[in-house]
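Please open the structure in your viewer and keep the selection tool at hand. The tour below moves from one selection to the next and says what is found at each stop.

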Amino acid sequence: MQGKQPLFSFGVISDVQYADIPDGRSFLGVPRYYRHSMLVLQRAVRKWNNPQKFDFAVNFGDIVDGFCPKEDSLKAVEKVVSEFEKFNGPVYHMIGNHCLYNLPRRNLLPLLKIPTLNGSAYYDFSPTPGYRFVVLDGYDISAIGWPRDHPKTIEALKILQQKNPNSEKNSPAGLVGLERRFLMFNGAIGNEQLKWLDGILQDATKQKEKVVVCCHMPLDPGASSKEALCWNYDEVMEVIHRYSCVKVCIAGHDHKGGHSIDSHGIHHHVLEAALECPPGSDAFGYVDVYHDRLCLLGTDRMASAEMVFSSEGDLK
């Protein structure tokens, strides 16, 4: 493959979780570098701008941290967005739980220039003939981001009530195996979005396009800790597995990263978090896209990966 020019290339980064506060730790005690993550992003943008031309960049969500003081939330989001805007090309964003701790959807989506209908944040784009990217809204059904009395909030709280008996709904204590995903910092993809996804994949199949699915939350237990999975990842994958056009699913959220290939040969790749880079280290990368593979070239703490798939048989 070496020596062959990619069809196109794009930058990737996830979980910047910037906040102008002293370093801290996750609930599990993993160090977090809230101010340094901005420097990681700045270095990423510089890399994507020079010397190679990247066609676009994708941010996999959580651009500001939940510990960011609420009165600073808007300023913090604007600051991170302005760093992304220094990239010489389009940046495609998706929302994560930390974004929604800071700002409600109605304020957040315009700042991230996410195309929206009734507050939803899922969309697709085609960077070149033959490839389509699908960006899912993993917090479609969620206890965060929607108004308290919104039907989607009510539905999410009902799911949490049924699935997680803990009074602290972000605690997986006592939950076994895959049930550990029913935490408040996760969410689900609603029926309307699933129907939309089915329609997009039908269309991509007709057009003989290869599809890359992007979601803040991972969609395969093999690539992620159980606590980071989308609540209804199984329903999402049931739709995806009806078609053979989806080749790769990329996610953030589970900060340590991960990789798996599912029973249908789809690669699931989870990106390491910019937030957990000690000063002087980095976690970002870029992806070279070919007819039959995606090559992720990671910087420093972001693992590289070659995701080879069949370029034939896109129609079952």
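## A tour of pockets, helices and cavities

By class, eight nonpolar, seven polar and five charged residues make up the lining of the second largest pocket, and this is where the tour of the predicted model begins. To find the place, select Asp140, Lys152, Gly190, Asn191 and Glu192, which lie nearest the centre of this second largest pocket among the 20 residues that line it. Two elements, α5 (151-163) and α6 (191-206), each give two or more residues to that lining, and α6 gives the most, with four residues. The volume of the second largest pocket is about 300 Å³.

Keep α6 selected and add helix α7, which covers residues 233-240. The axes of α6 and α7 are 9 Å apart, and the two helices pack at an angle of about 25°. Angles under 35 degrees count as roughly parallel, and α6 and α7 are therefore roughly parallel to each other. Their crossing is right-handed.

Next, select Ser26, Phe27, Leu28, Arg32 and Phe185, the residues nearest the centre of the largest pocket, which is lined by 30 residues. The space in this largest pocket comes to about 880 Å³. Which helix gives the most to the lining of the largest pocket? Selecting residues 97-102 shows helix α3, which gives the most, with three residues. Colouring by class is also useful at this stop, as the lining of the largest pocket has 11 charged and 10 polar residues beside nine nonpolar ones.

A second pair of helices can be shown by selecting residues 36-49, which form helix α1, together with residues 73-84, which form helix α2. Here the angle of packing is about 20°, and the axes of α1 and α2 lie 9 Å apart. That angle makes α1 roughly parallel to α2, and the crossing of α1 and α2 is right-handed.

The next stops are enclosed spaces, and the structure holds two cavities of 30 Å³ or more. For the largest cavity, which has about 40 Å³ of space, select the lining residues Cys215, Met217, Pro218, Leu219, Ala223, Cys249, Ile250, Ala251, His268, His269 and Val270. Two elements, β9 (246-251) and β11 (267-270), each give two or more residues to the lining of the largest cavity. How do the residues of this lining divide by class, and how many are charged? Nine are nonpolar, two are polar and none is charged.

Now change the selection to Val12, Ile250, His269, Leu271, Val287, Leu296 and Met307, which line the second largest cavity. Ile250 and His269 may be left selected from the previous stop, for they line the largest cavity and also the second largest cavity. The volume of this second largest cavity is about 30 Å³, and its lining has six nonpolar residues, one polar residue and no charged residues.

To finish, select residues 9-256, where the UniProt record, an unreviewed entry, places the feature "domain: Calcineurin-like phosphoesterase". Within this span, 31% is helix and 16% is strand, while the C-alpha atoms at its two ends lie 24 Å apart.

Notes: Residues numbered from 1 in each chain as written. Predicted model: local features only at pLDDT ≥ 70, side-chain atom pairs only at ≥ 80, totals over all residues. Heavy atoms only, no water. UniProt positions renumbered as here; feature names shortened; annotations may be inferred. 1 Å grid on protein atoms, 1.4 Å probe; cavity = no way out; pocket = protein on both sides within 12 Å on 5 of 7 lines; lining within 4 Å. Points joined across faces, edges and corners; volume = space filled by probe spheres on them. Nonpolar A, V, L, I, M, F, W, Y, C, P; charged D, E, K, R; others polar. Axes fitted to C-alpha atoms, helices over the stretch in contact; angles between N-to-C directions. Parallel < 35°, antiparallel > 145°, perpendicular 65-115°, else oblique. Left-handed = near helix turned anticlockwise from the far one by under 90°.
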